[in-house]
Amino acid sequence: MKKILITGVNSYIGTSFQGWVSQYPDMYSVDFINIRDDQWKENSFSGYDVIFHTAAIVHVKENDTDKYFKVNRDLTVKLAKKAKEEGVRQFIFMSTMGVYGKESGYITEETTPTPKTFYAKSKYEAEKLLFEMNSKNFCIATLRPPIVYGRGCPGNYSRLANMAIKLPLFPDIDNKRSMIYIDNLTEFIRLLIDFKGRGVFFPQNKEFVNTTELVKLIAAYHGKKIKTSNVINWAVSMGLKQSGTFKKVFGSFIYEQQMPGSQGVFMNGNILDYEVVSFKESIKRTEYYIM
């Protein structure tokens, strides 16, 4: 049985992962640890196979930006050092697509990270320090997922879903976005743990997502029909040149599908499929149908 310790007691990804592996009660044991204060230092990590580090600071006040680095970088390194010293074999770190410093574009293995926000900078600095700790008996695995979505998810997807429900008209845009449904992400992590994966990984749905088609699908599962038109595409084109928000919604932003972890988990000469839910079914489960 794999013993897994998750940081971040209220983490969406962490709690979703616990729920996902609960279907394998004889294979995984999951605990959570609160790292908001220094009490965690008194807990022993001995006996755990994996530390899954999901806790992070995402938003802080402008005059307290040092907190990003204290939590997302320094605390991460302290956790990893303690894990390594106490015999944990794998440390999984949730990073971000934001390390590339873009709202749109095409990301390949050759794309150099150039983080712009304090959040992304702190995550990328943590990545680099973690990989210095890689060893034969201590595997560092970093995940840079695109937009994660699912029932109850925070962030950009929920804002787009609200637009789909409320707006009578939406631009007919030809774009592509990398995204990943939460169950597909948690299955990826489960396989990564099974095979003690190490390196940087880019899990995503098999299909790229078109924003217009996504909005139409969301609206349909709420019993609404949203009209789409390319008449206002000129306004979108103007917005793409001037607004980061427009780029996040209407721009194309994808991972090359050959990047590590993008189309399967490659372990021991085999490629294991982690897409357990198709795109259309994932939107249905997110917006309409509860399993």
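How many Å² does the protein chain expose, and what percentage of it do carbon and sulfur atoms supply? In this predicted model, the protein chain exposes about 14,600 Å², of which carbon and sulfur atoms supply 49%.

**View 1. Overall fold of the protein chain, with its nine helices and 14 strands.** The radius of gyration of the protein chain is 20 Å, close to the 19 Å that the globule rule gives for 291 residues, so the chain is as compact as a globular protein of that length. Along its principal axes, the C-alpha trace spans about 60 × 45 × 35 Å, and 50% of the 291 residues count as buried. Among the contacts with a separation of 6 or more, 82% are made by residues 24 or more positions apart. The chain carries 39 positive and 30 negative side chains, and the centres of these two sets lie 4 Å apart.

**View 2. Strand S6 and the two strands that pair with it, S4 and S10.** Strand S4, which comprises residues 90–94, runs parallel to S6 and is joined to it by five bridges, with Met94 standing opposite Leu143 of S6. Strand S10, which comprises residues 199–201, also runs parallel to S6 and is joined to it by three bridges. In a regular strand the side chains alternate between the two faces of the sheet. Cys139, Ala141 and Leu143 belong to one side of S6, Ile140 and Thr142 belong to the other, and all of these residues are buried, so both faces of the strand are covered.

**View 3. Surroundings of Thr142 in strand S6 (residues 139–143).** Thr142 has a relative accessible area of 0%, which means that this residue is buried, the cut-off being under 20%. Its bridge partner in S10 is Val200. When neighbours within four places in sequence are left aside, Val200 is also one of the residues in contact with Thr142, together with Gly199 and Phe201. The remaining contacts of Thr142 on this basis are Phe93, Ser95, Glu127 and Phe131.

**View 4. Helix H9 (residues 279–287) and the elements that cover its buried residues.** Which residues of H9 are buried? They are Phe279, Ser282 and Ile283, together with Arg285, Thr286 and Glu287. The cover over these buried residues includes two strands, S7 (147–149) and S9 (179–181), as well as helices H4 (156–166), H5 (182–194) and H6 (211–221).

Technical notes: Residues are numbered from 1 along each chain as its sequence is written. This is a predicted model: local features need pLDDT of at least 70, side-chain atom pairs count only at pLDDT 80 or more; totals for chains, interfaces and linings use all residues. Side-chain values use heavy atoms; hydrogens and water are left out. Helices (H or I, at least four residues) and strands (E, at least two) are DSSP runs, numbered from the N terminus. Buried means under 20% relative accessible area, exposed over 50%, partly exposed in between (1.4 Å probe, protein chains only). Contact means heavy atoms within 4.5 Å. The radius of gyration is taken over C-alpha atoms; the globule rule is 2.2 Å times the number of residues to the power 0.38. Accessible areas come from the Shrake-Rupley method with a 1.4 Å probe; for residues, only the protein chains shown count as cover. Lys and Arg count as positive and Asp and Glu as negative; His and the chain ends are not counted. The place of a charge is taken as NZ of Lys, CZ of Arg, CG of Asp or CD of Glu. Two strands pair if DSSP finds at least two bridges between them.
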